[in-house]
Amino acid sequence: MLTDKTIVLGITGGIAAYKAADLASKLAQAGAKVEVVMTESATKFITPLTLRSLTNRPVVTSMWELTSEFSIEHVALAEAADIVVIVPATANIIAKLAAGIADDMLSCAVLATEAPVVIAPAMNVNMFQNSVTQDNLAKLKDRGFTIIDPEYGRLASGKMGLGRLAEVEKIIGIIKQVLGRSSDLAGKRIVVTAGGTQEAIDPVRYISNHSSGKMGYAVAEAARDRGAEVTLITAPTSLPEPVGIEVIQVTSAVQMKEAVAKATAQSDALIMAAAVADYQPKSTVKGKIKREIAGADLTLELTRTPDILAEAKGNFLRVGFAAESENLVENAKDKLQRKQLDLVAANDITAPDSGFNVDTNKITLIGKDGEVEDLPLMSKREVADKILDRVAGLLPPPSENSFEVILRPVMVKNHFIGIPALQKTLFPPMNTALVLLTEVGAIETNIIRRGSSGGLKLTKGLIKWFKAHPELKPGDKLRITVLEPMKRYRLEIVKLEYRK
Ligand SMILES: Cc1cc2nc3c(=O)[nH]c(=O)nc-3n(C[C@H](O)[C@H](O)[C@H](O)COP(=O)(O)O)c2cc1C
């Protein structure tokens, strides 16, 4: 998904600047056109030559040099960008961007761009926690910047603290997620299950299977990269938690059933890639079973696990996997009908390089209409994209103006909802009817004017409604559905305040 994307990579003057070389290299290897802009301070930490060699592109270090094609017009870079990423971001650039200062190529480009901006701060813990830096970051967030929070760890000063640059893999995951917002699954909510469930026999033993979780994780990451909001419900695996995805860890089939029922309540599709145990011990023994006591033979009584798909109610697309060792197509078709699936991905687990615990898979896709698509052996990520091609085709197409915006943090002050300036043009015109869906119910309202900071002022009834629902608290979900034309916005309340 990074192929042919223009990524403007801003590097500023911090110790972590050397890690930007790794990032630039990985982005370039993934096919992106990486345009590096370095501040003067950054060039003290890492040479432009390194970045030039890794990206095979000229590196911009000054507004005044004429060696780069972008130096001629200082906003050309801003216009060319699909995304601007600043790694690492110093306290200084954060302050400059918050204040709108544009005294070097990077700050000019950020001010001029309409592309999404992602910044990864890295600095000394005190610099990071200083209220000035925090206020500046809050301002940038409010304007729609994506901030990749620094991590806790050993800092250059030798101290332990919050301020270490986020891992490069995490930064790449977030870049993909942000770029995916304009892809074919943008605004769709997709629930994916993965891994093999574990059914406890006693506190130390369980029944499970050979599922590695790789297929489900690949589907979840591919859906994220195509713009979906993904919830991954996973049984234990040894895979790293994917970035930009809500991950819910479960152990047993019963736990997975509960998590799926909850997550699918408002989803567009459920993709069941997990290998859910068909049977569980009838009862779990409280203490460890001792062989001296159990004797030579131990009989386990098993009972059926719940049917996760049957219990997940709602109007969403259902995609299942059928791992078969014989009669692949017939058995998969039977599963499709029995479980009322829209699509089934059948894989022959006896075929070499296919099925459990390998990086490749060979599947046959069978649709509700009976159409059978036999795919060649490919990587699990490629298989995931093939499945998602079908899912995207089956889901209702987004209307021309349909999009979804996730805002964090958003201030709900009085009956005014603050919208970051970068996103205000995405919002509907005045007098457009809206339905606000919150965790405690819905209210109809409409926009009566735009606020000076780009927010939307909503009708008076709204404040009364919020007052009547004191149970709403920061962090609750507040979804706005615009009735005409059909659009959906998703907001998160971070602060609720009422003026008298
Ligand atoms: C050795 C050294 C390391 C530094 N490391 C950081 C850092 O990790 N984070 C940071 O915000 N500033 C750091 N600074 C301070 C910045 O380099 C300084 O604020 C500079 O003006 C930033 O310029 P820029 O934002 O234009 O790149 C460091 C300075 C020195 C001398």
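Q: Which crossing does helix 1 make as it passes helix 9, left-handed or right-handed?
A: This is a predicted model: local features need pLDDT of at least 70, side-chain atom pairs pLDDT 80 or more, while totals for chains, interfaces and linings use all residues. Residues are numbered from 1 along each chain as its sequence is written. Helices are DSSP runs (H or I, at least four residues; strands E, at least two), numbered from the N terminus. With the near helix turned clockwise from the far one by less than a right angle, the crossing is right-handed.

Q: At roughly what angle do the axes of helix 1 and helix 9 cross?
A: Helix 1 spans residues 17-29 and helix 9 residues 168-179. Their axes (lines fitted to C-alpha atoms over the stretch in contact; angles from 0 to 180 degrees between N-to-C directions) come within 10 Å. They cross at roughly 45°.

Q: Which residues of helix 9 meet helix 1?
A: Contact means C-beta atoms, placed from the backbone, within 7 Å. Helix 1 brings Lys19, Asp22, Leu23 and Lys26. Their partners in helix 9 are Val168, Ile171 and Ile172.

Q: Which helix gives the most to the shell around the ligand?
A: The ligand is surrounded by 15 residues (C-beta, placed from the backbone, within 6 Å), with Thr12, Gly13, Gly14, Thr39 and Thr90 closest. The biggest giver contributes 3 residues, from the stretch 91-99. That is helix 5.

Q: Which strands are the edge strands of the open sheet?
A: The 8 strands run in the order 12-11-8-13-16-17-19-20, with mixed pairing (at least two DSSP bridges). Edge strands pair on one side only. They are strand 12 (246-249) and strand 20 (372-374).

Conventions
Two residues are in contact if their C-beta atoms, placed from the backbone, lie within 7 Å.
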